[in-house]
Amino acid sequence: MNDADIRKEVVALIRSVAPEVEESDLASSLPLREQIDLDSMDWLKVILAVHEKLHVDIPEADYGKLRSLDDWVSYLCRRLA
Amino acid sequence: MIELKLPAMGAEMEEGKLLQWLVKPGDKVKRGDVVAVVDTTKAAVDVESWDEGIVHELRVPVGDTVPVGTVIATLLAPGESAPPPGAAPIAPAAAPVAPAPSRKAVSPAARARAKSLGVDVEGLSGTGPQGAVTVEDVERAAAAAKPADRASEMRRAIGAAMSRSKREIPHYYLAETIPMARAAEWLAAENARRSVADRLLMGVVQLKAVAVALARTPELNGFWRDGAFVASSAIHVGVAISIRGGGLVAPAIHDVDRKSLGDLMRELSDLVTRARAGSLRSSEMSDPTITVTNLGESGAEAVHGVIYPPQVAIVGFGRVSMRPWADEAGVLRAMPLVTATLAADHRVSDGMRGARFLTELRERLQQPEAL
């Protein structure tokens, strides 16, 4: 998977939890949770969806590294390498 | 003869529209079985039977709106035989019929609902057996077409319940700042050993702590009914859940004091999903004995709740955040803190008792491993 594939997958998984989100509304470098309405439960559901779809187990200690869409892409890129 | 009445699923609910019957005369039902789907102003709710028996009559046809308390069906108690045919009309059951070959497969209930909502069933793709259009398909199409209406109806319902609360309930308010370092450390260690699917949220730890702390202040747990307080021995905690696009519902998790954190997490996750999909059960909507509202990580520092009548208390948690804290030795340091609040009904309890509850809550959160 290249960066673009990962980005597409992450957006799709976020939309599975928050269906009202449009990809065009998301600024890649800004914190996701300031742009869209994701509470703690939604966040956990995104983490779980990533785990199930991409088989990446994200420890809770890493949640803080996943603020923006760019963060997600570089984190998953590293973990999937 | 057992009468099955339309329950009040929330303080503001005055009437409900029957969307679908899931039983027909002659069917056996037991306590807790879902018998019908009813549209309230907030959501489509599954109505459960409170008794065991055999369905005798369905008294409300699909599509009718009836007031809370209306007998919607009658059941024959075990061993009871059917009385001779009476005057009460029997509503047609929503039994599936074989569709005409050239027509789209649409259940009669879905067709009736589509008519009342102004949805064109021919344009819908069905998710029922053999691609039949179901009531749910119609509802989904209607909801997609008119999200603003549902949101404004819900806003009106919330306004009605909260106005009644502020008019009738003499609220008193207390707040307590609670150190969360122990709970946070314990939770981090606990989650590190749990799989992704089993991780816990701090909100669940707080929920259980509320239920356990209530054991010592039973006057906060129950209902104000007919001018008197009725305490509840069971602790069913209503959880305020925000709905995407606006509004909130506060369905109950039952017997919170007796469930493990893992079970509570699974139930909360399921409840949030169902609340947002509009598929809650009548018992969840009608029987919370107290409510907890939790603003979570991105919320404000404190929330002062408005009690949901006929309950007599609501507990609020703000965001857990690092703030200055002087410890027992008088040393100032940064500490994760949460502001817990209590709004309670002065007709039932006083500030002294309310303070005792918050003190107990604080202590429980210092021993998370015991929850």
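Here are a few questions and answers about this predicted model.

Q: Are α1(A) and α4(A) parallel, perpendicular or oblique to each other?
A: Start with the geometry: the axes of helix α1 (residues 3-17) and helix α4 (residues 69-80), both of chain A, come within 9 Å and cross at roughly 120°. Perpendicular covers 65 to 115 degrees and roughly antiparallel needs over 145. That crossing angle therefore makes α1(A) and α4(A) oblique.

Q: How many charged residues does the contact of α1(A) with α4(A) have?
A: On the α1(A) side you've got A:Asp3, A:Ile6, A:Arg7 and A:Val10, and α4(A) brings A:Leu69, A:Trp72, A:Val73, A:Leu76 and A:Cys77. Sort them by class and you get 7 nonpolar and no polar residues, which leaves the charged ones, and their count is 2.

Q: Which helix gives the largest share of the largest nonpolar core?
A: That core has 114 residues, and B:Val210, B:Val237, B:Val239 and B:Ala313 touch the most other members. The largest share is 9 residues, and it comes from residues 202-213 of chain B, that is, helix α5.

Q: Which aspartate does B:Ala313 touch, leaving out residues up to four places away in sequence?
A: B:Ala313 is among the core residues that touch the most other members. With those sequence neighbours left out, its partners include B:Leu220, B:Ile290, B:Ile307, B:Leu342, B:Ala343 and B:Ala344. The aspartate on that list is B:Asp345.

Q: What percentage of the residues in chain B is buried?
A: Chain B has 8 helices and 20 strands, and its C-alpha atoms fill a box of roughly 80 × 45 × 40 Å along the principal axes. Of its 371 residues, the buried ones make up 41%.

Technical notes. Residues numbered from 1 in each chain as written. Chains lettered and ligands numbered in written order. Predicted model: local features only at pLDDT ≥ 70, side-chain atom pairs only at ≥ 80, totals over all residues. Axes fitted to C-alpha atoms, helices over the stretch in contact; angles between N-to-C directions. Helix = DSSP H or I, 4+ residues; strand = E, 2+ residues; numbered from the N terminus. Parallel < 35°, antiparallel > 145°, perpendicular 65-115°, else oblique. Contact = placed C-beta atoms within 7 Å. Nonpolar A, V, L, I, M, F, W, Y, C, P; charged D, E, K, R; others polar. Core = buried A, V, L, I, M, F, W, Y, C linked by C-beta atoms within 7 Å. Buried ≥ 20, exposed ≤ 12 C-beta atoms within 10 Å, placed from the backbone.
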